[in-house]
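Visitor: I would like to learn how the words used for a protein model are earned. Could you take me through some of them, step by step?

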Amino acid sequence: MKVETPLFVPVLAALPVAACMAILGLPVFGYEYAAAFRSLYFVACLVWLIPLALLQRAMWRRDWPWLRMALVLLAASYAMSILNAVLGQGLGIWLGLQKHYRWNELAEGLDGCWLALIAFCAVHAVAAYYLSLQQVRLHLAEAQAAARDAQLRALRLQVNPHFLFNSLNAISALVSAQSNREANRMLGCVADFLRATLAHDGRHEHSLAEELALLDAYLKIEQARLGERLCLNMKAGPDLLDNVMPYLMLQPLVENAIRHGIAPLSVPGRLDIRLEHVGGRLLVEVRNDGQQPAQPGCGIGLANVRERLRHLYGDDQEVETGWGPDGRFGVRIALPLRSMAAAA
């Protein structure tokens, strides 16, 4: 056991043990001087606790086997009990209760003293084990938090390359079609979006207002590319703007809806984005027109969102995807409803 408790912890925990030792360790002839003998044994117990604790810690540092430690502590505490008996007889001689040391009686009546010191060793071991276990749990929690943070950062960093790849392909298509004006406009929108994302401070969550600002920058890119072919309808109550939202959660959902649903259409397609709170939950719904019923949950965008939500909220989140009876594909997400102030 490598973790050591502060020395005052086992000493304070052993005060009841010392009190019991003072009572049980009274010599038979000291009843009329009970206060003197009790004080002696109480102080003696406290004095012995320090070397006994240091001995126990020294053996822990050297990783001694438990059986070997137990035998050494039993022998050391028994020797201390003998010395206490010598002190008791010395007090009896000083008080005139006896004339000389009775060496043959030193081992008599040591049970209370010896058991009290053994009890202290047990208290010390339990305290050290408990604190060691707490520290191990703390290190494990910190390691899990660090691993979770690293996974979230990796998933978050996956969003920008995925978006950039798709945007560059779209710009390349515009250039090939000699739509230079649209290509330049789209390049400016891409630069604005990347500037906004690079200025982010690394948090995994931010306000819905910030998320909608990023989404607006992204939608300008898609509107520059698709023009009137993209019909947008977005609803979000003003009372939701200060609530917590995972960073760049909406952009992959919208990108997935436009790229796989609306972009392949030869006619204008409608994209509906709705955010509302119901029963203490923040509901996010993205629905889009489309013809090809791609398998729900496939692709980088949706998979990325699912993984990030799982790491952030565990079981306290829901993601549903599928084609509705109206022939439109939809993603519905339920999150815990928390304000930025409460999250802070």
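**Words and their reasons**

Guide: Let us begin at a turn: in this predicted model, the hairpin of β4 and β5 has 2 residues between the strands, and G279 takes a positive phi near 60° there.

Visitor: What makes β4 and β5 a pair of strands?

Guide: Two strands pair if DSSP finds at least two bridges between them, and 8 bridges join β4, residues 269–278, to β5, so the pair satisfies the definition. The two strands run antiparallel, and H277 stands opposite L282 in β5.

Visitor: Which other strand pairs with β5, and in what sense?

Guide: Strand β7, which covers residues 329–336, pairs with β5 in the antiparallel sense over 8 bridges, and within β7 the bridge partner of R281 is P336. For a parallel example, look at strand β2, residues 230–236, which is joined to β4 by 7 bridges, with K235 standing opposite R274 in β4.

Visitor: Why is β5 called mostly covered?

Guide: Strand β5 spans residues 281–288, and 8 of its 8 residues are buried. In a regular strand the side chains alternate between the two faces of the sheet. In β5, R281, L283, E285 and R287 point one way while L282, V284, V286 and N288 point the other way, and all are buried.

Visitor: Why is Q56 called buried?

Guide: The word buried means a relative accessible area under 20%, and Q56 has 2%, so Q56 is counted as buried. This residue lies in helix α3, residues 34–61, and, leaving aside its neighbours within four places in sequence, Q56 is in contact with M69, L73, C121, H124 and A125. Of the 344 residues of the protein, 42% count as buried.

Visitor: How do you know that the length of α7 is close to what is expected?

Guide: The expected span is 1.5 Å times one less than the number of residues; helix α7, residues 208–226, has 19 residues, which gives an expected 27 Å, and the helix reaches 26 Å from its first C-alpha to its last, so the two values are close. The buried residues of α7 include L208, E211, L212, L215 and L219, and the helix is followed by G227, whose phi is positive, near 65°.

Visitor: What makes R68 a charge over the ring of W64?

Guide: The rule asks that CZ of Arg be within 6 Å of the ring centre and within 35 degrees of the ring normal. R68 lies over the face of W64 at 3.9 Å from the ring centre, so the distance falls inside that limit.

Visitor: How many helices and strands are there in the protein?

Guide: The protein has 10 helices and 7 strands. Of the contacts with a separation of 6 or more, 75% are accounted for by residues 24 or more positions apart.

Note on methods. Residues are numbered from 1 along each chain as its sequence is written. This is a predicted model: local features need pLDDT of at least 70, side-chain atom pairs count only at pLDDT 80 or more; totals for chains, interfaces and linings use all residues. Side-chain values use heavy atoms; hydrogens and water are left out. Buried means under 20% relative accessible area, exposed over 50%, partly exposed in between (1.4 Å probe, protein chains only). Helices (H or I, at least four residues) and strands (E, at least two) are DSSP runs, numbered from the N terminus. Contact means heavy atoms within 4.5 Å.
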